[in-house]
Amino acid sequence: MNLIQSLTDNYGVVSIVVLVWLSIYFILVFWIFIYRYISLSSLISNEKACLDSLVSGKYTLPRNSVFHYNISKIEKKVTEPILQYCLNKTVKEATSGLTFLAVVASTAPFIGLFGTVVEILEAFSTLGNEARATLDVIAPVISKALVATATGILTAVPAYTFNLFLKRKVFELNTYLKLQIDILLSPKESLKNVDEIV
């Protein structure tokens, strides 16, 4: 209770709301990154193994492939449109959460700046009523107001970094899936032994 009382004494209601909002953003950014990183890493290693299996000459879909899982659910023959559907569905699922990271990266500094501006406006209105506003009085007020901006930047930087990092992982997954499609759709008779090509 004393913590809440000291926060309300030191900061205005708007600043507290801004700091809580940015704290929730910060927690969600790290949660989304950890969850997506683990799931994408697992999916990428799985699809890389499936691609290696196809490259080694097995022209059937491995059971642990995303394509095998999706095609078995819809019980269709392996065709280019079906494989493209599976690719798009997988990429869509792999990118969920990335939009939120982009939104946080672009809005968090402005939310923090809003908290700072409101806090400075309140501070100057209070200081205007006093007879003497010296640097000793103004400096602590401004430094306290800048906490919201610093929190906004602190939230935005990891969100932006994690967004770019996860986009790269999705690109890697997409590449493995497209290579699998190319191998699955290539005519078997046109595939020659390496010894014959060299």
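**Figure 1. Helix α5 at the largest cavity.** In this predicted model, helix α5 gives the most to the lining of the largest cavity, with three residues. The space inside the largest cavity comes to about 30 Å³. A search of the whole structure finds one cavity of 30 Å³ or more. Two or more lining residues come from each of α2 (13–55), α5 (98–129), α6 (135–145) and α7 (147–185). To trace the wall of the cavity in the close-up, look for Y11, S15, L19, G115, T116, E119, K144, A145, V147 and A148. Sorted by class, this lining has five nonpolar, three polar and two charged residues.

**Figure 2. A salt bridge between E119 and K144.** Two names from the cavity lining, E119 and K144, return in this view. Their side chains meet in a salt bridge, with 3.9 Å from N to O. The pair links distant parts of the chain, as E119 sits in helix α5 and K144 in helix α6, 25 residues apart. Is E119 buried or exposed? E119 counts as buried, at 6% relative accessibility. K144, its partner in the salt bridge, counts as partly exposed, at 26% relative accessibility.

**Figure 3. A salt bridge within helix α2.** How many salt bridges does a search of the whole structure find? The search finds two, and one of them joins the side chains of D52 and K48, at 3.8 Å from N to O. D52 and K48 are separated by about one helical turn, because they stand four residues apart in helix α2. On the surface scale, D52 is partly exposed, with a relative accessible area of 43%. K48 is also partly exposed, and its relative accessible area is 37%.

**Figure 4. The largest pocket and its lining.** Here the view turns from the cavity to a pocket. The volume of the largest pocket is about 160 Å³. Which helices each supply at least two residues of its lining? They are α2, α3 (66–74) and α4 (80–94). Follow the residues around the pocket and you will meet R36, S39, L40, L43, V66, Y69, N70, K73, K89, T90, E93 and A94. Five of the lining residues are nonpolar, three are polar and four are charged.

**Figure 5. A nonpolar patch on the surface.** This close-up shows a nonpolar surface patch of about 640 Å². Its members are F26, F30, I34, Y37, I38, L154 and F165. Both α2 and α7 supply at least two residues of the patch, and α2 gives the most, with five residues. A good residue to pick out is F165, which is found in helix α7. With a relative accessible area of 41%, F165 is partly exposed. A nonpolar residue needs over 30% relative accessible area to join such a patch, so F165, at 41%, meets that cut-off.

**Figure 6. Q180 and C50, far apart in sequence.** Now find Q180, whose place is in helix α7. Where along the chain is C50 relative to Q180? The two residues are 130 residues apart in sequence, and their C-alpha atoms are 7.9 Å apart in space. Q180 is buried, with a relative accessible area of 0%. Buried means under 20% relative accessible area, so Q180, at 0%, falls in that class.

**Figure 7. F124 and I142.** F124 is found in helix α5, the helix that gives three residues to the lining of the largest cavity. How is F124 placed with respect to I142? The two lie 18 residues apart along the chain, and 9.4 Å separates their C-alpha atoms. F124 is partly exposed, with a relative accessible area of 43%.

**Figure 8. The helices of the whole chain.** After the close-ups, here is the setting they share. The secondary structure of the protein chain comes to eight helices and zero strands. Reading along the sequence, you follow the pattern α-α-α-α-α-α-α-α. Of the 198 residues of the protein chain, 36% count as buried. Q180 is one of the buried residues, with a relative accessible area of 0%, and E119 also counts as buried, at 6%.

Conventions: Residues numbered from 1 in each chain as written. Predicted model: local features only at pLDDT ≥ 70, side-chain atom pairs only at ≥ 80, totals over all residues. Heavy atoms only, no water. 1 Å grid on protein atoms, 1.4 Å probe; cavity = no way out; pocket = protein on both sides within 12 Å on 5 of 7 lines; lining within 4 Å. Points joined across faces, edges and corners; volume = space filled by probe spheres on them. Nonpolar A, V, L, I, M, F, W, Y, C, P; charged D, E, K, R; others polar. Patch = residues over 30% accessible without salt bridge, like charges linked within 9 Å, V, L, I, M, F, W, Y side chains within 5 Å. Areas by Shrake-Rupley, 256 points an atom, 1.4 Å probe, with all protein chains shown as cover. Salt bridge = Lys/Arg side-chain N within 4 Å of Asp/Glu carboxyl O. Buried < 20%, exposed > 50% of the residue type's maximum accessible area, 1.4 Å probe, protein only.
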